[in-house]
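Open the structure in your viewer and keep the sequence panel beside it. We will go from stop to stop, selecting a few residues each time and looking at what is there.

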Amino acid sequence: MRNLSSRRLFFFPVAACLLAVACGSPEDDTTKPSTSGDAGTEPPDTTPVDNLALTCKPAPGSSSPLDIPANTLTKIDVDTTGIRGNSLMFLREGKVVLASPAVDVGAEPAGAARSAVMTFDPATKAWSTTPTMFGVSLSGALQPAFAPDAAYAFTKVYGTSTLLEKVDLAALTSTAVGDESWKTDVSPTWAAFRDYGNPFGTIDQTNLVWDSAHEAVLMLGGQAPGAAKATLGNWTFDPKANTWQASPSGTDIARALFTDLETTSNKLRLVVARARAAWHRGLSASDLAARVQTDIVPAWQGLDAELKQLQNRVAGLGGMSGLDEQSIAMGKTKIDAAVAGHVAGVEKLGGALAGETLTELDRVAAAVREAAWAVAPEPPPRMGASVAVLPDCSGLVLFGGTHGDFVTADTWLYDFASRRYRQLWPEHSPSPRHGARFLGMTGGRALLVGGNTFRKKIDAQMPDEKLPTEAWLFDATTMKWSFVAGVPAEEEAALMRVVGAAHLGGDAMLAVANGGSEYVSLQRSSTWALRLDPNTLDASATAAKAVGPGTSYSRTEATPGWSPAWYDEAPRDPEGTFGAWVDALPENVWTALPTAPRPNTSRSWGSTIFDEKNHQILHWTGGHQSDPTNAVQHLHLETGRYSIGHVAEALGIGNTFNGRPDCNNHTYNAVALDPVSGLLIAPHRAGTHVYDPALGDWVDFVPTQPFGYDLYAVKTASTPVGVVAWTGGPTAGGFFGKFVADKHAWEPLPVTGELAPMVGGDEGGMVYDSKRNRMLMFSAQGYDDPGGQVWAYDFASGAAAALDPTNRAFIDDSTGASGLNRVRETVYIEALDLVLFVQMWVDNQQVGYDVANNRWVKTNIARHPNQQFGSVDCGIAIDATRSRLYSLCNYAENFALRAAFGNITTTPL
């Protein structure tokens, strides 16, 4: 058992990171926003928030500007506005202004009138083009902050910086094309922006809100891709002082309890991970029972006192905690359930371990996390929350959002005057969702429209899907939710993925939507309106469609393949069956692996990694054709079963709120096993992540990475001195060095002579030559331009040189062989002194590099007829002890070869 506590030092202190605003490279120091000013510096108010309510003026008696049926989502037009992305949408002088930096025509009629800025007239129910321009790229915020006559929005100039800019709304609708006088003030840069590299270059799906009581901009939630746990917390921008200020809410008692509950939840989860690793190893019944009793049970019981102390702290809340009685009661219910489940878990572990036992233990850890969220003093980290500023009240209401592994349906009030949150526990609530539009109406009401949830099937780069379009009403005077309307017609429902909405005045709203397809080029646009009549709402529809207070929806409920339990609870194969099958394979023939009882999800665009210590194959990858979540898949070679170590996450590019890296695109050769520590080392966009194959989870994060990240031009390889990285390209920068696990840092390796140039695309790889203590590097000359050159780096001397294979011209010039530029996925076979490539074939024979004779060869290993084998998706790894080769490919197609090295022959190309 590895001591995890010592490796906790890997984590960069999150608190220090937040106080410093950015944990990026030293050159970012000049771009850090100032944290001076008064916002958020008042001592916390410890008065319980039971009676915290927003002071709302009565609804004015004005009539709706639209004559449409009440409580009905009414389609106004189709194919008019064009396909819009991030937009400013606001009411000015009785008309709705829609401003977007770009408009994609999509599948709509080419002659439809549209421009960057358009205006909707409620009197005519028609859009017209506004003769002005809006050319910047809105970035990061689900909604901008609308101050009187101005909007504050994050904007991005690609490749340079992300700014908070103040937009003069009057000027925006009246200036000529090319005149940017509407862009009035610019805040300090939030951080220097690079798509890959600087961790604080952007923040995604936050909400910007104008705090009228303090005349300041609030930044609420969102994903900070480079922060260790993906969050910067909540911030305030003071336009007068031109400064940012961290603005946490709640008492120290409540904040400390929330942190401690989440910490204990994670400790419990890691104990379950240890049990899961033992369960999947294929141990005999007696060995498994012994492992559980000597390792798992003591670790599980060791958290008993910690859990009961937390239970007592929750039960003792009140008074100085500042929390309301409902939240405390809900937290007590959750922690009591967790303690009871923990006690029951000890009894469960006393019997024979089963996959269902792991599921029950995971539920205990989840209950502790739910207790933390119940007693949180402010909304815990999430992105895509929906926020409505109530124009007739003194604050806002916040609903839902995604944590990546679950989406939530919690409701919060925030009072501008006191700067305090209160979590509400209404009897009825809309279902969990993120990305919905939330509009403040009159009289303390807010209208929620649309939203997204987790996709019910695994689809390429699409982890989420739109919900059936509905409108829900929240009333801040009664603290209740009510269902208003849905879109009954299937065609109309498909059209309506809301991308912008505005309050029309009175009880009416206008929304623009894209829909009809997941692909922009096939989408159509539409305009919708709703006139609210709160007196004629259907209470029975509310009860039928609503969920209970604090409901969350996990990816485990959405798709079985994203749940550890799905693999854990698979029927257990007779011991040794898979091993016997591999032993009986024909020699030197690639054979498709049998379908497992619970097969792996389709993973693509990654490498295959063999973990000798734990006798398993690891596959961490996402991409164009596959599952986009970040779970590492384990193929256990004793049993032929798959597992994942945690609930799969999909949030956005960068780190997740659980401190894991995203896997939203190519990862080939961007992760390697460190034989020194036994850990996977993965350079990433935000820094370097560390994965423990024995636990099945990401355990450490190192933000100080001396190179950026490029999904095409960062390559890693395992060597006896640790994982070596070779990087290049415009975003990654040039680096050649090793990761030193004991120091938690990258160190450059000394290089003299000619090092291989880095080429992007699907080309480029390297492998350790164990006979000569050197690295062999393969790099094409360009995309689809193989070159055939090989480089060597000698670890003892630091010398690097091109080797000029005797027949490199065949690789460089051949027109009869396909894919000879894909020198990416390699394995060195010491017994043959041969580098074998899984994506290079000549005459359907596998291509290799004869190291001793410095020449390209083809072997007598034939290509498997499956069309997936040998494709751009496949990796290759060797179990040298057992003379096995493995290749994991796309569409859950995986292959093995039982090698008889004495019978493998080579022929020069």
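Before the first stop, here is a rule you will need: two strands count as paired if DSSP finds at least two bridges between them. Keep in mind, too, that this is a predicted model.

**Stop 1: a hairpin and its neighbour**

Select residues 877–879, which are strand E55, together with strand E56; the two pair in the antiparallel sense over 3 bridges. Which residue of E56 stands opposite isoleucine 878? It is leucine 885. E55 and E56 form a hairpin with 4 residues between them. Click on serine 883 in that turn: its phi is positive, about 55°.

Now add residues 894–898, strand E57, which pairs with E56 in the antiparallel sense over 5 bridges. Look across from tyrosine 886 and you will find its bridge partner in E57, alanine 896. E56 and E57 make a hairpin as well, with 5 residues between the strands. There, tyrosine 891 takes a positive phi near 55°.

Stay with E56, residues 884–888, and show the side chains. Is this strand mostly covered or mostly open? It is mostly covered, as 5 of its 5 residues are buried. In a regular strand the side chains alternate between the two faces of the sheet. Here, Arg884, Tyr886 and Leu888 point one way, Leu885 and Ser887 point the other way, and all are buried.

**Stop 2: a sheet of five strands**

Next, find the open sheet whose 5 strands run in the order E51-E52-E53-E54-E58, with antiparallel pairing. Its edges are strand E51, residues 826–829, and strand E58, residues 906–908, each of which pairs on one side only. Neighbouring strands of this sheet are turned by 40° against each other on average, direction ignored.

Select strand E54, residues 855–862: E54 and E58 pair in the antiparallel sense over 3 bridges. To see one of the partners, click on threonine 859 and then on threonine 906 in E58.

**Stop 3: a sheet of four strands**

Move back along the chain to another open sheet, where 4 strands lie in the order E23-E24-E27-E28, again with antiparallel pairing. Strand E23 (437–440) and strand E28 (480–486) are the edge strands, and each pairs on one side only. In this sheet, neighbouring strands are turned by 20° against each other on average, direction ignored.

Highlight residues 470–475, strand E27, which pairs with E28 in the antiparallel sense over 6 bridges. Where does glutamate 470 find its bridge partner? In E28, at glycine 486.

**Stop 4: a bent helix**

Now for a helix. Select residues 285–301, helix H5, and look along its length: H5 bends by about 40° at valine 292. Its buried residues are Leu288, Val292, Asp295, Ile296, Val297, Ala299 and Trp300, so Val292 sits at the bend and is buried as well. What covers these buried residues? The cover includes helix H4 (252–280), helix H6 (304–315), helix H7 (325–350) and helix H8 (355–374).

**Stop 5: a glycine inside**

Go to glycine 622, in the loop between strand E35 (616–619) and strand E36 (633–636). Is glycine 622 buried or exposed? Glycine 622 is buried, because its relative accessible area is 0% and buried means under 20%.

Show what surrounds this glycine. Not counting residues up to four places away in sequence, glycine 622 touches Arg603, Ser604, Trp605, Asp627, Cys663, Asn665, His666 and Thr667. Then pick alanine 460, which is 162 residues away along the chain: the C-alpha atoms of alanine 460 and glycine 622 are separated by 8.4 Å.

**Stop 6: empty space**

Rolling a probe the size of a water molecule over the atoms shows where empty space is left. How many cavities of 30 Å³ or more are counted? The count comes to 5, and the largest cavity has a volume of about 90 Å³.

To find the largest cavity, select Asn86, Ser87, Leu138, Ala141 and Pro144, which lie nearest its centre among the 13 residues that line it. Strand E9 (141–143) and strand E11 (150–157) are the elements that give two or more residues to this lining. E9 gives the most, with 3 residues.

**Last stop: the whole protein**

Clear your selection and zoom out. The protein has 15 helices and 58 strands. Of its 909 residues, 60% are buried. Among contacts between residues at least 6 apart in sequence, 62% join residues at least 24 apart.

How values were computed
Residues numbered from 1 in each chain as written. Predicted model: local features only at pLDDT ≥ 70, side-chain atom pairs only at ≥ 80, totals over all residues. Heavy atoms only, no water. Axes fitted to C-alpha atoms, helices over the stretch in contact; angles between N-to-C directions. Bend = angle between axes of the 7 residues up to and from the residue. Buried < 20%, exposed > 50% of the residue type's maximum accessible area, 1.4 Å probe, protein only. Contact = heavy atoms within 4.5 Å. 1 Å grid on protein atoms, 1.4 Å probe; cavity = no way out; pocket = protein on both sides within 12 Å on 5 of 7 lines; lining within 4 Å. Points joined across faces, edges and corners; volume = space filled by probe spheres on them.
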